[in-house]
Amino acid sequence: MSELRLLALYPEQMNIYADRGNVIFLRERCRWRGLGFSYTAAGIGEGFDPDAHDLIYIGGGQDRDQLMVAEDMRRTKRDAISSALADGSSLLAVCGGYQLLGSRYQLGDRRIEGLGLANLETVREEGERLIGNVSIEVDLGTGPRVLAGFENHGGRTYLGSGAEPLGRVLHGNGNNGKDGFEGVLRGNLIGTYLHGPLLPKNAWLADELIARAIE
């Protein structure tokens, strides 16, 4: 029987806005389809075997937790994440997890080094937080579909050269409230600001992630 081997990074620290619901939904989606499901968590100070997981997930967190996670992730997990992606594993990162994928991001007056897995940077700018319902149009190779969720972020994320957005904003703010893009897509790597949690609101995306991971 096929099995989805899911690794959740920092589930205790990065679980704002019920992002843990994404993990529960993936488990139930597998069960409904007769697929096996295994769950592993890696927290502060813990490494992992990049060959042992099909899908890596990281949610969003408060600024304090995100700072702690960023430092630990660079030290204990960056190489393993990069290796897993190179070998075909999938990765879904939401909000704070999404910001960590870039080269750096601004937290208050500090500029924090990210993982450098996608060409993007998150900065702080004048203006209110970007909050509210958001919908985007995406195409993951099977035709245009709509993703819906909720965004709440003070950082503005800008994609660098060669970086592909996850989708085009239909309603809401997206990455920065200016360029009309939301998220990032690089192969089997997906980063997005959409909370909600994301997957129960968009079952088709959960199915796509499961299919890609098992392949």
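## Core, pocket and one loop residue

In this predicted model, the largest nonpolar core holds 60 residues, and those touching the most other members are Leu-9, Ile-58, Met-73, Ile-81, Leu-147, Leu-199 and Leu-205. Helix α6, spanning residues 203-214, gives the most to this core, with six residues.

Ile-81 shows how such contacts are made up. Leaving aside residues up to four places away in sequence, Ile-81 touches Leu-9, Phe-48, Met-73, Leu-91, Leu-115 and Leu-117. Of these partners, Leu-9 and Met-73 are also among the core residues that touch the most other members.

The largest pocket has a volume of about 220 Å³. It is lined by 16 residues, of which Gly-61, Asp-63, Cys-95, Arg-129 and Asn-152 are the closest to its centre. In the lining, 10 residues are polar, three are nonpolar and three are charged. The elements below each supply at least two residues of that lining.

| Element | Residues | Share of the pocket lining |
|---|---|---|
| α2 | residues 63-76 | at least two residues |
| α4 | residues 96-100 | at least two residues |
| β9 | residues 144-153 | at least two residues |

The remaining details concern a single glycine. Gly-127 sits in the loop that runs between β7 (120-123) and β8 (130-139). Gly-127 counts as exposed because its relative accessible area is 59%, and the cut-off for exposed is over 50%. Along the sequence, Gly-127 and Gly-154 are 27 residues apart, while in space their C-alpha atoms are 8.6 Å apart.

Methods:
Residues numbered from 1 in each chain as written. Predicted model: local features only at pLDDT ≥ 70, side-chain atom pairs only at ≥ 80, totals over all residues. Heavy atoms only, no water. Helix = DSSP H or I, 4+ residues; strand = E, 2+ residues; numbered from the N terminus. Buried < 20%, exposed > 50% of the residue type's maximum accessible area, 1.4 Å probe, protein only. 1 Å grid on protein atoms, 1.4 Å probe; cavity = no way out; pocket = protein on both sides within 12 Å on 5 of 7 lines; lining within 4 Å. Points joined across faces, edges and corners; volume = space filled by probe spheres on them. Nonpolar A, V, L, I, M, F, W, Y, C, P; charged D, E, K, R; others polar. Core = buried A, V, L, I, M, F, W, Y, C linked by side-chain atoms within 4.5 Å. Contact = heavy atoms within 4.5 Å.
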